[in-house]
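Hello,

Here is the structure we talked about. Please open it first, then read my notes below.

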Protein chains: 4
Amino acid sequence: MDFTSDNAAGAAPEILEALSRVNGGTAASYGADDVTTRLTRRFSELFEREVAVFPVVTGTAANALALATLTPSHGAVMCHELAHVHVDECGAPEMFSGGAKLVPVGGAAAKIDPRALAASLAALPQGVVHHVQPSALTVTQSTEMGSVYSIAEIEALAEIARGRGLRIHMDGARFANALASLEVSPASMTWKAGIDIMSFGATKNGALAAEAVLVFNPDLAKDLAFRRKRAGHLLSKMRFLSAQLEAYLTDDLWLRLAAHANAMTTRLAAGLAQTAGATLHLEPQANEVFVRLPVSLIKHLRDAGARFHPWPMPGDDDQARSVRLVTSFQTSAAEIDSFLGLAAG
Amino acid sequence: MDFTSDNAAGAAPEILEALSRVNGGTAASYGADDVTTRLTRRFSELFEREVAVFPVVTGTAANALALATLTPSHGAVMCHELAHVHVDECGAPEMFSGGAKLVPVGGAAAKIDPRALAASLAALPQGVVHHVQPSALTVTQSTEMGSVYSIAEIEALAEIARGRGLRIHMDGARFANALASLEVSPASMTWKAGIDIMSFGATKNGALAAEAVLVFNPDLAKDLAFRRKRAGHLLSKMRFLSAQLEAYLTDDLWLRLAAHANAMTTRLAAGLAQTAGATLHLEPQANEVFVRLPVSLIKHLRDAGARFHPWPMPGDDDQARSVRLVTSFQTSAAEIDSFLGLAAG
Amino acid sequence: MDFTSDNAAGAAPEILEALSRVNGGTAASYGADDVTTRLTRRFSELFEREVAVFPVVTGTAANALALATLTPSHGAVMCHELAHVHVDECGAPEMFSGGAKLVPVGGAAAKIDPRALAASLAALPQGVVHHVQPSALTVTQSTEMGSVYSIAEIEALAEIARGRGLRIHMDGARFANALASLEVSPASMTWKAGIDIMSFGATKNGALAAEAVLVFNPDLAKDLAFRRKRAGHLLSKMRFLSAQLEAYLTDDLWLRLAAHANAMTTRLAAGLAQTAGATLHLEPQANEVFVRLPVSLIKHLRDAGARFHPWPMPGDDDQARSVRLVTSFQTSAAEIDSFLGLAAG
Amino acid sequence: MDFTSDNAAGAAPEILEALSRVNGGTAASYGADDVTTRLTRRFSELFEREVAVFPVVTGTAANALALATLTPSHGAVMCHELAHVHVDECGAPEMFSGGAKLVPVGGAAAKIDPRALAASLAALPQGVVHHVQPSALTVTQSTEMGSVYSIAEIEALAEIARGRGLRIHMDGARFANALASLEVSPASMTWKAGIDIMSFGATKNGALAAEAVLVFNPDLAKDLAFRRKRAGHLLSKMRFLSAQLEAYLTDDLWLRLAAHANAMTTRLAAGLAQTAGATLHLEPQANEVFVRLPVSLIKHLRDAGARFHPWPMPGDDDQARSVRLVTSFQTSAAEIDSFLGLAAG
């Protein structure tokens, strides 16, 4: 009963096996190998357009490389105030961009509010030399609160951003979970909705350590190879990274794994909705549940071996505290049911 | 017959197997797992002192993180003019350090000449605000030319550097090869000889993607965890990285692999010394051969399927060009003999 | 009737004359001249302790150099949400610090609220590698809204900051105005209250272009000379910069100029308090008035030649808008009275 | 007899007077004033084309801003190995560019050798991700050794650089001295010869602290306003900076001052050519003399009150050492003659 994070899960067997499969003989290094070539083709098919692909090992690297591509050092990146890039990356976007500023914007359910975005942009007028210049918007899909932007919501934000000349990034650390939730095509949720560049995540959903920066706007790909190398993120034995992503995309493995994780969260949320004293903060759409529980119940669950992170939220008090519960491709229905059984206890 | 690079090799079976072995169940993320804890203990035993261990996936990351720890942004890092950090990392040390300067120093066989180092330091007087301030020395072991510093040579450079208050880094991308060559202890070749921090490489010698920054001077470890995270180099599923290093260090695997690679180079060099028209640039001490060959022979070898990189050197002309031949843990004696057979042709 | 900014004023005659006075003959360059030596001594007397003095030409430079001294690149600088360093310097602190994050904190009258500061610090727990690490607090005295922190208020903020190991900076672009307002000693408003380093402004109060970073904590002065040079802020003919500051401090010129500017603001605010339809946003304590005026009156004033900046504030509407009125050492009582006469119209 | 530097000189009276002249009343701040508008027009006339003008207070700032405009952070700036940007700016170009690398190139008389430039470029092949990418060339006119590039020499270097897609910068800290030496037009020595951007110096030749980045290639001007602000180099009371440059350019003051300084150097060099034991290192073309003198003579001169900097050069020994002698607009023929009299002594 480990609900601490989808990062606590291991690797999917299909992905581990791919490592052995590509291990024979020598291969050209630094991404000139056949696996990486195949992978780029695969991503282009999947997204129904030519895509430049830059595999890396962490979401933080993918995000920071992507954002640095979109903003000069005197620029500003508009993001949700809970965005991983703003809160949880120890300043990586600032480092990679040479000191650009992240401008937090509010919005319910960890989704950027369009009016708040417009207001934040208005406060940073174009061409005024005293202020950093809005250069990029980043949206997280699925969000840090387990919600999912609809395509229309992405398009609305993109339109506002585009109107000020911004480029748009999607942090897709849990992209598969969002896609499995909305049941739309990768293309329609990204470049067709206005996304220029994305961080495509696989680690949280079954890879060992594999993400990729995907560039839909060809103008933006030019410097990325240099940025990646310079940041120490170009792997010499790239085939072992590309192989993870290739296996991930083969036979819809990624969508199957994500659908399972989402289903486990749905099962968990449904049970908690029936649990005395439990209050869901929002209806989960992906693989994360945010719920307020009685302090006594939290203790009871932990004592019984359940693991999860506290997640302080406004409204918490001495009687009831909020926690985050994350399911992964590895989570079993039995684990959910045990947890709910304890909670009902 | 692929002698392009030890990066072209795959992964050692023992290391691949370790990935499966650590895959069961969930594990604490970001390095709080048991494998990583064991690894730190293992490195401390191996180096006969407490060592702070920061696993990362590339040598460029290890070097840049280590050097940024040693130098302020107005500092200078003294290095050999052929050093990987200076020539082959697209400015990673500059990025991670906020713009410190690398000062190239000459010396035969890719080893820094002590007098040249002293002269370079004298040209950057302490406290003069117009000049960057020497802050660190970095030595590569084994070097970019396949030579190996003796312990006395390292000590001599460290003493000069220490006299100016510099801290000292070792780029050990091929540390195992150097160790197997000198047959000394890890401790005696590093901190006992004056090294404060090192990049410990495993990728070139059998790992998929695994290096580690090792810190011998405890004062220097404080900020490294933040620097690593901020650079996108803290893996969430760290156990898969630590497991590679653990397997690498188990039962002397690393030394056996390196000794094999070195032996293959010795066999190759011995054969080339007997080859008409071939001139070795220096006696190899690790796993790289630098040799000048007749242009016609180069063509003959390539046509027969041998792969290696051109390596322009002073003295090359239209008749004879220099090339680099690298052996790895995977290289077989049969490959060497085939190559030599062709060369003898 | 130019109330746009104290930056719109010229230079005080005493300061201009000092430039001619130091112009004879040659002088050692880069700050080794006699004027600069005298200036350092003068600042030390004034602040009743040894002070390291680094003259520069802009407040942005002084702030960015000072903050970069206090924070590593993975650090966070706590500041008011209206702070000049956060809003009006186009990311200079981010540039000089290598990408540290500024964390905006709320508080009435542009003064940081102690509870809000404590809450912001709690949200960035020490040692958690995912978050930037609070390293510095900066307070502006007088503030961006023309208010002035009492010494007790500074001490309270400093105590909270010190409790988390932060160093403390004062942005004293209008330090003289604050001092003239509180009528306390420079020492009691700075290092005795917990300030480690400050930006001492003179430009807005009569210099051509002269500010200084003053360091009270000797540990922090070490690298500043290199930082200043590296940022292009070390003047070769330093005597012309130091002479401005020397004249500024001579015979209490600075305090007389500031007292005059403050008095003009007091006169202006008193008049506006009697003006129909005018609402002061806060009681001015230094040399700035923030007032909401009927739109028709704003037009009337502008048509009559008055100059000032719009300053949108919550509560503005189609009928009444807020503006900022700044007085300087040059502002005359006649100008104030003309303006008030028009306003009374 | 102060020959330490042209930075040791004071300010020309015409320039000091201009400060008083522009001091009346208020003026728009941050460069929106009339003086700055006139200055831009004046530079455009002088250079016979539209020029974007960014006044700053130091040559280091001008150089670093200009170079950062030309190179991405993964770029390389080709410069002479004695270039001020490489040797004497404590890493300012690295800071402003986010860590680009300066690549020193050799050449006699501090002038870049075209073949050496071509060889250095060849060593950094385009598109190879391991190497920093040559992005800019910088030439100093007049050079750090007091020599002057002919227009044909500039064109030859520019052509090589242009062939690799580099942009070209001129460090004109002593531009007036070079112009007075060659007696050509500003246009022909800059943009007509291939220069995209320059640092136009006035401080060394009679200003208090006044330089300007001049942009000839309009594509490059876009971000400079933000870069300047962000670096703390946008002066609020800009009129006092622009007024220095305006006076400098009025009635050919700048050329008269430079011609005088050059003439003093010519007189000094002619005398030294006749001095027993003195060896000129090169024929001076601007306002600097590099000469080897007997150690006894150096002592004799210093004892008599002459001031100058030692300037170690290859070939110096215990008997004779090299020194640098710089003349300025303030240097008098009487000073030169006194010095030569002592030297002949």
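Which feature does UniProt place at residues 2-292 of chain A? The record gives "domain: Aromatic amino acid beta-eliminating lyase/threonine aldolase" for that span, and the entry is unreviewed. Keep in mind that this is a predicted model. Residues 2-292 of chain A are 40% helix and 16% strand. The C-alpha atoms at the two ends of that span lie 18 Å apart.

The rest of this note is about how the chains meet. I take two pairs in turn.

**Chain A with chain B**

Start with the symmetry. A turn of 180 degrees, with a shift of 0.0 Å along the axis, lays chain A on chain B. The RMSD of that fit is 0.0 Å. Within chain A, Ala231(A) has the C-alpha nearest the axis, at 3.5 Å.

Now the contact itself. Chain A puts in 46 residues, and chain B puts in 46 residues. Of the interface residues of chain A, 100% are also interface residues in chain B, so these copies meet through the same surface.

The two chains bury about 3,800 Å² between them. Carbon and sulfur atoms account for 56% of that area. On the chain A side, the residues that lose the most area to chain B are Met95(A), Arg230(A) and Lys237(A). Together they make up 20% of what that side buries.

What about polar links? Between chain A and chain B there are 32 residue pairs in polar contact, with both residues at pLDDT 80 or more. The salt-bridge count for this pair of chains is zero.

Several helices of chain A take part. Helix 1 (13-21), helix 3 (59-70), helix 5 (92-97), helix 10 (224-230) and helix 11 (239-249) each supply at least two residues to the side that touches chain B. Helix 5 of chain A gives the largest share, four residues. By class, the chain A side divides into 21 nonpolar, 16 polar and nine charged residues.

**Chain D with chain A**

Chain D superposes on chain A after a rotation of 180 degrees, with 0.0 Å of shift along the axis and an RMSD of 0.0 Å. That is the relation of a two-fold axis. In chain D, the C-alpha nearest this axis belongs to Gly98(D), 3.0 Å away from it.

How many residues of chain D are in contact with chain A? There are 18, and they touch 18 residues of chain A. The interface residues of chain D are 100% shared with the interface residues in chain A, so here the copies meet through the same surface.

Chain D and chain A bury about 1,500 Å² between them, and 65% of that is on carbon and sulfur atoms. Three residues stand out: Val129(D), Phe226(D) and Arg230(D) supply 43% of the area that chain D buries against chain A, more than any other three residues.

Polar contacts across this interface come to six residue pairs, both residues at pLDDT 80 or more. The salt-bridge count between chain D and chain A is zero.

Helix 10 (residues 224-230) of chain D brings four residues, the largest share of the side that touches chain A. That side of chain D has seven nonpolar, eight polar and three charged residues.

Best wishes

Notes:
Residues numbered from 1 in each chain as written. Chains lettered and ligands numbered in written order. Predicted model: local features only at pLDDT ≥ 70, side-chain atom pairs only at ≥ 80, totals over all residues. Heavy atoms only, no water. Least-squares fit on C-alpha atoms with pLDDT ≥ 70 in both. Contact = heavy atoms within 4.5 Å. Buried area = accessible area lost by both parts, 1.4 Å probe. Salt bridge = Lys/Arg side-chain N within 4 Å of Asp/Glu carboxyl O. Polar contact = N/O pair within 3.5 Å; in protein donor to acceptor, adjacent residues only side chain to side chain. Nonpolar A, V, L, I, M, F, W, Y, C, P; charged D, E, K, R; others polar. UniProt positions renumbered as here; feature names shortened; annotations may be inferred.
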